[in-house]
Amino acid sequence: MDNSPFRRIVLPALLASSAGFAALTWPMTSDRAVQVSEQLPQPLSYWVDSALLPNQHKEFSIRYIGFAILSSVAIGVGTAKAMRVRQGRVQRHQGLLDQVLLADDQQEDFGGDRLPTADHRQSHSTNLAAADHDAALTATTAKAATTLDWASLLPTTPDAPAKAELASSPIDEHVLYHIQGADQCRSLALAIEGEYYRYYRNRPDLDKARRLVQQLHQQGKRAVATWDDNGYVVWVHQPERPQQAVPWLGRLATS
Amino acid sequence: MNLKTLENLWTAFVEGERDFTGINLAGADLNHWSLARVDFWGADFSGANLTQANFRRANLKQTQFCNAKLAGADLRWADLREAVLTGADLDDARLEGALYNAQTQFPEGFNPGQARMWSLAPGAALATKDLRERDLGGTDLTAADLSGALLVNSQLFGAVLRRSNLLSALIGDSDLRYADLCQATLMLADLRGADLRHSDLSRANLIGANLRGCQLAHANLDGALYSDSTHFPRGFQVPETMHHLAPGASLWGADLSGARLTGVDLSGANLAGANLMQADLWGACLANADLSGANLLGTNLLGTDLTGANLNQTNLMQAIIDMPGDVAGAVAFDSQPA
């Protein structure tokens with residue numbers, strides 16, 4: 001009930017609207033209002049007098065009440081809007097705070113290392129591409145605090161491993177093929193130890209690549225990721241032997 | 001489906017997140033939600049209430065919609081390839097331009113053609129279609145008709161566009177790394193800013209194509225065709241293995257089989273011994289060209305100017321020509337007069 005829209009938005013709006021209406025119609029019901037109106041400058045004094053004497057200025061009084069109703073409605077709507085904006089801001093801040101806390105919890109779980117595959121970075125620290133890769137890793141780490149809590153949104157399979165390790169390597173290190181399956185469709189594939197991994201999807205950063213690999217693992221599929229200066233490519237294991245496999249651009253292993 | 005998940009989704013969405021790959025929204029009540037252009041690849045909407053929801057241009061590839069209520073939903077130009085729509089209520093749903101393939105599972109009795117959906121498969125007819133900013137990576141579109149199609153800023157990594165017709169297509173700023181464009185017709189195509197690294201452009205037709213700002217490192221351009229009107233990136237050294245198509249060009253023994261050369265001016269060119277099998281030379285000018293010993297098997301020569309051409313020992317078997325009398329002198333002759 002504490003977080004209900006009625007309490008946080010509708011109730012304040014109703015109160016503000018009622019207060020506005022009461023304030024605007026108070027002169028018509030109070031004896032002191034005549035004394036106050038006498039002290040007001042012209043033409044304000046004349047208008048208030050007209051409102052206070054409904055018998056003599058019936059037409060004006062009706063209009064004034066209409067004005068009071070419309071004004072109070074406007075006050076109510078304005079208050080509701082303001083409360084809604086405030087509520088949204090509070091929720092956003094709360095969400096970010098929750099995620100920061102969650103990220104901190106995860107950091108504690110990893111023993112201070114948020115990225116289980118951090119060792120991989122060291123092996124490529126000498127070349128430029130690896131430097132870009134490091135930058136991507138750093139950016140991902142920084143972004144982790146502000147992104148969605150995926151743990152609560154992803155489907156879970158009891159048998160699936162809790163955390164999928166991301167086997168990632170530069171795309172240039174692999175031999176690429178064009179494979180053709182039983183459906184006669186061609187696709188780009190990676191060959192690793194005699195097994196083919198069909199192109200699955202490009203991912204802009206390590207976090208998203210890892211998440212996708214994790215999802216594929218949960219579906220019982222083997223997947224690997226490669227990287228280059230444009231981001232990451234996820235490849236999924238092809239269980240059936242392709243009918244045809246042709247080296248990409250007629251080139252075999254480059255390394 | 002708990003309320004916290006929906007709240008979480010909404011908070012992230014309001015903050016600008018559009019990538020919800022693999023999200024589990026089974027049984028969620030999302031009726032009237034506006035989720036246009038959102039990435040829901042591999043998401044689960046089984047049994048969800050999506051009545052009147054807006055999924056326009058959304059990525060719904062491999063998404064589960066089993067028994068979902070999609071009545072009145074807007075799914076126009078959404079990507080529904082490999083999506084499972086079995087048992088889904090699609091009453092009054094709008095599906096014009098939504099993409100599907102052989103793996104998309106529709107409710108019983110549903111006809112995607114009647115709903116004006118677009119099939120993405122080898123040989124697909126997608127001329128002038130709007131496919132911009134799509135994730136079409138790895139898609140096999142062999143021999144597809146994409147002439148005049150809008151593919152700007154699309155993800156085409158590893159796509160198979162072999163022998164496809166991309167005449168006048170707009171493909172600027174697209175990711176075409178590792179794409180197979182072998183023998184593709186890219187005549188007059190606008191490829192400005194496209195990433196073509198590691199792509200196969202062998203024997204592709206690049207006549208009049210605009211390749212300014214393209215990345216062509218490690219691309220295979222062997223036998224690709226270009227003309228004076230082809231715009232290459234600044235500082236690009238045209239490989240000797242490419243064929244320059246121009247009046248008086250030397251194309252002796254060149255393999256131009258299956259090439260679309262409509263309206264090309266090859267007057268006085270040396271095409272002796274060239275392979276033009278199944279090529280389309282509609283309206284081309286081959287006046288005074290040397291076609292001796294060339295293979296024109298099944299070539300379209302409708303409207304081709306062959307005035308003064310040397311057709312000595314030219315194979316014109318099954319060639320489509322206007323006036324059989326004009327090609328006297330060819331060794332083999334079994335044409336189909338128009």
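Student: Is A:Cys185 buried, partly exposed or exposed?
Tutor: A:Cys185 counts as partly exposed, because its relative accessibility is 27%. Keep in mind that this is a predicted model.

Student: And what about B:Cys214, buried or exposed?
Tutor: B:Cys214 counts as buried, because its relative accessibility is 7%.

Student: How many disulfides are there over all chains?
Tutor: The count is zero by the rule used here.

Student: Okay, new topic. How many residues does each chain bring to the contact between chain B and chain A?
Tutor: Chain B brings 39 residues and chain A brings 36 residues. Together they bury about 3,100 Å², with 51% of that on carbon and sulfur atoms.

Student: How many salt bridges cross that interface?
Tutor: The rule finds seven between chain B and chain A. On the side of chain B that touches chain A, there are 14 charged residues, along with 15 polar and ten nonpolar ones.

Student: Which side chain does B:Arg197 meet in a salt bridge?
Tutor: That would be A:Asp229, at 3.2 Å from N to O.

Student: How many residue pairs are in polar contact across the interface?
Tutor: There are 13 such pairs, counting those with both residues at pLDDT 80 or more.

Student: Let's go inside. How many residues are in the largest nonpolar core?
Tutor: It has 40 residues, and B:Ile171 and B:Leu176 are among those with the most contacts inside it.

Student: What does B:Ile171 touch, leaving out residues up to four places away in sequence?
Tutor: Its contacts include B:Leu151, B:Val152, B:Leu186 and B:Asp190.

Student: Which residues does the second core include?
Tutor: That separate core has 38 residues, including B:Leu9, B:Ala48, B:Ala93 and B:Tyr100.

Terms used: Residues are numbered from 1 along each chain as its sequence is written. Chains are lettered from A and ligands numbered from 1 in the order in which they are written. This is a predicted model: local features need pLDDT of at least 70, side-chain atom pairs count only at pLDDT 80 or more; totals for chains, interfaces and linings use all residues. Side-chain values use heavy atoms; hydrogens and water are left out. Contact means heavy atoms within 4.5 Å. Buried area is the accessible area (1.4 Å probe) that two parts lose on being put together, summed over both. A salt bridge is a side-chain nitrogen of Lys or Arg within 4 Å of a carboxyl oxygen of Asp or Glu. A polar contact is a pair of N or O atoms within 3.5 Å; within protein, one must be able to donate a hydrogen and the other to accept it, and residues adjacent in sequence count only if both atoms are side-chain atoms. Ala, Val, Leu, Ile, Met, Phe, Trp, Tyr, Cys and Pro count as nonpolar, Asp, Glu, Lys and Arg as charged, and the others, Gly among them, as polar. A disulfide is a pair of cysteine sulfur atoms within 2.5 Å. Buried means under 20% relative accessible area, exposed over 50%, partly exposed in between (1.4 Å probe, protein chains only). A nonpolar core is a set of buried Ala, Val, Leu, Ile, Met, Phe, Trp, Tyr and Cys residues joined through side-chain atoms within 4.5 Å.
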